[in-house]
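Student: Please give me a close look at the charge pairing in this model, with the local surroundings of the paired side chains. I would also like to see how that part sits within the chain as a whole.

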Amino acid sequence: MPRPDRSRDALVSTAASLFRRQGYAATGLTQILDEASVKPGSLYHHFPRGKQQLAAAVVDGSGAVIEQLLRRLLAGGRPVADIVDRWVDLLVGGLAADGRDGCPIEPIATESVNASSLVREASARAFAGWCCAIEERLQSDGWPAAESESTAVAVISLIEGALILSRIAGYMRALEAARPAARRLLSR
């Protein structure tokens, strides 16, 4: 019986961590291969288009995990503002533990605007999925469609922007300010 090939998972997991902490441009394929203990042939077997295809897989995977978690929490019946508060708490905790931590998609997404349409499209899908999860919950709570859509986009924008500012500044002031601002957006 042949051994299972775990190289794809190792590549995606390693790249996800490195891209999240270093960004797309600062992370080289050699570093990914070394840290994943994977040979170059495996990289190109799983990702024939190389780094940008690997980055798109990272974004698709990370984005889907966050969307699934968000949908699960939103299905629980707690107020959306409470769920957003908890999300901000998790981000604050992540940054407090490691100042390089942050959104698993933003560092790649920001650089991909000009670097790779493949990664940019994956990033857009991920953020759209998060917005859609909030929008659908707001609609189920009785919000009008247009208002729920714009509010969901504003909440995700607020969180992502606050995360960027907090990461850059090295303290949590922007994330802390996002919490009451999101509550105001989500109150009717």
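Tutor: A residue is called buried when its relative accessible area is under 20%, exposed when it is over 50%, and partly exposed in between (1.4 Å probe, protein chains only). The model is predicted, so that local features need pLDDT of at least 70 and side-chain atom pairs count only at pLDDT 80 or more, whereas totals for chains, interfaces and linings use all residues. Residues are numbered from 1 along each chain as its sequence is written, and side-chain values use heavy atoms, with hydrogens and water left out.

The frame comes first. The chain has nine helices and zero strands (helices are DSSP runs of H or I with at least four residues, strands runs of E with at least two, both numbered from the N terminus). With a radius of gyration of 18 Å, close to the 16 Å that the globule rule gives for 188 residues, the chain is as compact as a globular protein of that length; the radius is taken over C-alpha atoms, and the rule is 2.2 Å times the number of residues to the power 0.38. Along the principal axes, the C-alpha atoms fill a box of roughly 55 × 35 × 35 Å. Of the 188 residues, 44% are buried. Contacts (heavy atoms within 4.5 Å) with a separation of 6 or more are 69% made up of pairs 24 or more positions apart.

Now to the charges. The chain carries 22 positive and 21 negative side chains, and the centres of the two sets are 3 Å apart; Lys and Arg count as positive, Asp and Glu as negative, and His and the chain ends are not counted, while each charge is placed at NZ of Lys, CZ of Arg, CG of Asp or CD of Glu. Side chains of opposite charge can pair when their charged atoms come close. The structure holds eleven salt bridges, each being a side-chain nitrogen of Lys or Arg within 4 Å of a carboxyl oxygen of Asp or Glu.

One of these is the salt bridge of Arg183 with Asp82, in which the closest N and O atoms are 2.4 Å apart. This pair links distant parts of the chain, since Arg183 belongs to helix α9 (residues 173–186) and Asp82 to helix α5, 101 residues away. Arg183 is partly exposed because its relative accessibility is 34%, and Asp82, at 26%, is partly exposed as well.

Within helix α9 there is also a local pair, Glu176 and Arg179, whose side chains meet in a salt bridge at 2.6 Å, N to O. The two residues are three positions apart in that helix and are therefore separated by about one helical turn. Glu176 is partly exposed at 37% relative accessibility, but its partner Arg179 counts as buried, because its relative accessible area is 18%. Elsewhere, Glu67, Arg71 and Glu136 are joined into one network by salt bridges that share partners.

Within that network, the closest N and O atoms of Arg71 and Glu136 are 2.6 Å apart in their salt bridge. Arg71 lies in helix α4 (residues 51–74) and Glu136 in helix α7 (residues 117–140), so this pair ties together parts that are 65 residues apart in sequence. With relative accessibility of 29%, Arg71 is partly exposed, and Glu136 is likewise partly exposed, at 38%.

Some buried positions complete the picture. Helix α7 also contains Ser123, which is buried because its relative accessibility is 3%; leaving out residues up to four places away in sequence, Ser123 touches Val59, Ile105, Ala109 and Ser112. Pro104, in the loop between α5 (80–97) and α6 (106–115), is buried at 12% relative accessibility, and beyond its neighbours within four places in sequence it contacts Arg20, Ser62 and Ile66. Thr27 occupies the loop between α1 (7–22) and α2 (29–36) and counts as buried, because its relative accessibility is 0%. Apart from residues up to four places away in sequence, Thr27 touches Leu18, Phe19, Gln22, Ile32 and Lys51.
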